[in-house]
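Here is a walk through this structure, one region at a time. Have the model open while you read.

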Amino acid sequence: MELLLEAVSYSSVLALASVGLSLCIITTKVDNFAHADYVVLGAYAALLFKASSGLTPYLSLPLAALAGGLAALLSYLLVFEPLRRHGTITLMIASMALGLVIRALLQLFADYAQSSLGIFARGFVFRDIAVQLGGARLEMLTVAAPLTSLSLLVLLYLLLFRTRLGIRMRAVAEDAELAEVLGIDVKRTLSLSWFISGALAGVAGVFLPFRFSISPDSGSFILLSLFAAVTLGGLGSLTGTLVASYLIGFTETMLVYGLSGLGVSTALRPLLAFSVITLTLLLQPRGLAGLWRTERGALP
Amino acid sequence: MSLESAVVDVLVLYTVYAILALSMELEYGELGLPNFAKVAFFAVGAFSAGALSARLGLMLLGLSWEGSFKERSWYYATLVAREVARNPLLGVAILSVVLVVAVTASAVLGVLVTYPTLRLREDYLAITLIAFSEIVRVTARNFDAIVGGTFGAGVADVFAWAGGARYPVLLLFALGSLASSYAVYRRLSTSRYGRVLRSIRDDELAALTLGRDVWKLRMKTLALGSALAAVAGVIYALYMGAVSPDDFTVGKTFVVVMMVVLGGRGNPLGPLAGAALYTLLDKALSFAKHLVAIPLDINYLAYIIFGVSLLAVLRWRPEGLIPEKPPLTLRREVVLSYLGEKEDRRTPCKLFIQQF
Amino acid sequence: MLLVENLSVGYGKMEVVHGVSFSLSRGRVLAVVGPNGSGKSTLLKGVFGAADVLGGRVVYDGVDVTRAPPHVKVSLGMAYLPQVRGVFEELTVRENLELALMSLPKSESWERVEEVLELFPELKGLMHRRARTLSGGERQMLAIAMNMVRRPRLLMLDEPTAALAPKTAGALIRKILELRDSYNLAVVLVEQNARLALKVSDEALLMVSGEAKYLGSPEELLNNPNLARVYLGLSHAG
């Protein structure tokens, strides 16, 4: 039972970050390798909050969202927007360079925090609070993570399908040039879109240190799982990514638990993610979404 | 460190980077596909040296290995080196075998890994390759028999017979390898094979009509690129005298990509220039570390500088230091736009108009 | 109201349209015809700003808008319908129209759309359908409707009847003429179907290999056997 709750928590956190990444990919056609670093940034924002205020990191959600959102926004404005005419591979490389810079900055911050502020900033974890629910005694994470994740994703859905901004975002995602022709300010729409996806990543980052030890380069640890979720979910499908996150989250949690005795757990997650990616691409490249999506219209 | 040995040091490092950059350029520049698992093949070369040099040496000396690999590799590496100092042929033999194994293993691995994945869309191919290289690293890290796990493995000095001149001799070997790599690269890119490669890069559709030959060509190129990377790996292992799995991270692949982008793609001098640029920057930064005492860790600063330089180059001088020479290539969007079709940036294409 | 002087357009450094000039007043339709690859689409894009202007001027209502970005031109009353993809397939008809409304400076009310729908009654019953599910003709109607929401004064259409059956093409052209009359629009119509375009237009521009080969009355172009047959593939006049 506890395992189930763990799986749900992990999956919800994964979902937040992956859906954010998926949003980026759908709207701007960029495979952003720096996305995982926004998550870590969120974790550090939470750390800073906790260290300076002494309050529980759960309260730092807005701060982390802001940090992640700003980082993503700056990434868009400074890197991906100016480079928008380049090909996919070049943009990927640019995002790798960006990730490198962010991680290095985090490293410098960690050094500074440790030496000048006395904050333990490498390999840190958060201690969880216990909560009484019904007759059961639960860890706060297993309640907070799924709840936050669910509400944010519902809000995102409402944003996309019930608001004018959502229409703009979907239009720009489909055809940015046409949107421009119709007078839509594409840059502003994309800026908002990136901010949102970064904010989601930042929020995800708050929950991670409750289970994993976080360091400035923890991004690479998460990135593969994120891409696995996006790949399995299917191109351009947020719902697919959501479902895939849960599938992968559950599998990862179960596997790590089941094989923890063998001492290979560190390699397990990347290995699983790798297998998921390869298998999906070889067997069903359109991902889960390919199963329920109908064939596209026949415009040239 | 004397000036002479400092120079030799920098030059050996340069040749390693230059060969890596050439191999990456072969794939990226000619095929349009960067090999994001480059460090894995580099590692295969280095691991061949690490895993085999001491063991091979012992075998040739008719001795047997006692104890686990992890614990004893350093001891036996030194022992073999002492024997090599007396018997140059031993060194040559070890080096030859290591090279053959490195090149073959790397080429085979290259083909095996890329065969199922070449069909993938370029960005997914990239992710898969990166994941693969991480798996190689983690495997080597966890299985001590390969290169001693986190301990690392000692590499027997196959140039020990040169006594004090062992590093210059290594340099000569390295330069020779670089020269041959360059020659191979030039032959390939100016030949018909090279032109076909470039047309594959530039027009996937035309390439598809060529059918199965495309895959064969691509695999050949990747096999070659991997083999070159392995040679660089051997040189690197000999230079370091030791091999450690954690030295072969995805970051190194990225550095090689950076060299190619900075130096300029689609031409042979580009990677050489890029490698030179990186080596200079790298050495300058580590030099600065000794001279200036700043409160910031210079390694991280270096990453920031590298990352920002790459982004800046992409933004303001995407063709790199030494741009590709004609034939005239027009961006696909340009030509398709002219023809009134909708551009789909997802496909790896450029339309190619030759100015003959 | 539209004056194009010696305009050269291209992509990057590649020049496709060389020094073309024409002028157009409101309430008139200019047909731009010519063989494939003659630069008709590129000319439109140059006027609108979707391709690089390498020389010459575009003057709209007395204002030099040569280098102005597309969204500025849109706010001045220019509308442009690209050759393919004039609607958002994943959005519903209603959402497409809402989108068109959004780009207006003040937040105009839905009444604007209602107004336009009077001219496009076919769309009224399709409001909640995804654009992807519409027929070719319906899609084009929607595309034009989306542009009309902004009450443009100049409408530039790039081969609107491509991929449409003849009957639908005819209906679409008739609709365009209706719009010209109701709104006193200036219309630039790039058409592959030269005969159709020349029959309904007030002025004609023949483009060949990026140059203006003829500018004048459509009837004379149709009646000119050399030009009509050689460049337009029309075997006899009329």
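## A long helix in chain B

α2(B) is mostly covered, with 19 of its 24 residues buried. Keep in mind that what you're looking at is a predicted model. The helix takes in residues 38-61 of chain B, and from first C-alpha to last it reaches 34 Å, close to the 34 Å expected at 1.5 Å a residue.

That agreement doesn't rule out a bend: α2(B) has a kink of about 40°, and the kink is centred on L52(B). Just past the end of the helix comes G62(B), with a positive phi near 75°.

## Where chain B touches chain A

How many residues of chain B are in contact with chain A? There are 34 of them, and they are in contact with 37 residues of chain A. On the chain B side, the elements that give two or more residues are α5 (122-142), α11 (250-263) and α13 (298-316). Of these, α5(B) gives the most, with 11 residues.

As for the chemistry, the side of chain B that touches chain A is made up of 22 nonpolar, three polar and nine charged residues.

## Chain A as a whole

Chain A has 12 helices and two strands. Reading from the N terminus, the order is α-α-α-α-β-β-α-α-α-α-α-α-α-α, so to speak four helices, then the two strands, then the rest of the helices.

The C-alpha trace of chain A spans about 55 × 45 × 35 Å along its principal axes. Its radius of gyration is 19 Å, which agrees with the value near 19 Å for a compact globule of 300 residues. Buried residues come to 54% of those 300. Among the contacts in chain A with a separation of 6 or more, 75% are between residues 24 or more positions apart.

## One loop residue in chain A

For a local look at chain A, try I119(A), which sits in the loop between α4 (88-117) and β1 (130-133). Is I119(A) buried or exposed? Neither, quite: I119(A) counts as partly exposed because it has 19 C-beta neighbours inside 10 Å, and 20 would be needed to call a residue buried.

Setting aside neighbours within four places in sequence, I119(A) is in contact with L47(A), A51(A), A113(A) and Q114(A). There's also S52(A), which is 67 residues away from I119(A) in sequence but 9.3 Å away in space, C-alpha to C-alpha.

## The open sheet in chain C

Over in chain C, four strands make an open antiparallel sheet, in the order β2-β1-β4-β5. Why is one side of β2 (14-24) and of β5 (63-64) left without a neighbour in the sheet? Both strands stand at the edges and have a single partner strand each, so one side of each has no neighbour there.

Now follow the pairings across the sheet. β1(C), residues 2-11, is joined to β2(C) by seven bridges, running antiparallel, and Y11(C) stands opposite M14(C) of β2(C). β1(C) also pairs with β4(C), residues 52-60, in the antiparallel sense over seven bridges; here G10(C) has D52(C) as its bridge partner. Two bridges then link β4(C) to β5(C), again antiparallel, with Y60(C) partnered by V63(C). The hairpin of β4(C) and β5(C) has two residues between the strands, and D61(C) takes a positive phi near 55° in it.

## A covered helix, and chain C overall

α3(C), residues 93-102, is mostly covered, with eight of its 10 residues buried. The buried ones are V93(C), E95(C), N96(C), L97(C), L99(C), A100(C), L101(C) and M102(C). What covers them? The cover includes α4 (111-119), α5 (121-124) and α6 (136-148) of chain C, together with α6 (164-174) of chain A.

Taken as a whole, chain C has 10 helices and 10 strands. The C-alpha trace of chain C spans about 50 × 40 × 30 Å along its principal axes, and its radius of gyration of 17 Å agrees with the value near 18 Å for a compact globule of 238 residues. Buried residues make up 46% of chain C. Of the contacts in chain C with a separation of 6 or more, 67% are between residues 24 or more positions apart.

Terms used: Residues numbered from 1 in each chain as written. Chains lettered and ligands numbered in written order. Predicted model: local features only at pLDDT ≥ 70, side-chain atom pairs only at ≥ 80, totals over all residues. Contact = placed C-beta atoms within 7 Å. Nonpolar A, V, L, I, M, F, W, Y, C, P; charged D, E, K, R; others polar. Expected span 1.5 Å × (residues − 1). Bend = angle between axes of the 7 residues up to and from the residue. Buried ≥ 20, exposed ≤ 12 C-beta atoms within 10 Å, placed from the backbone. Rg over C-alpha atoms; globule rule 2.2 N^0.38 Å. Pairing = 2+ DSSP bridges.
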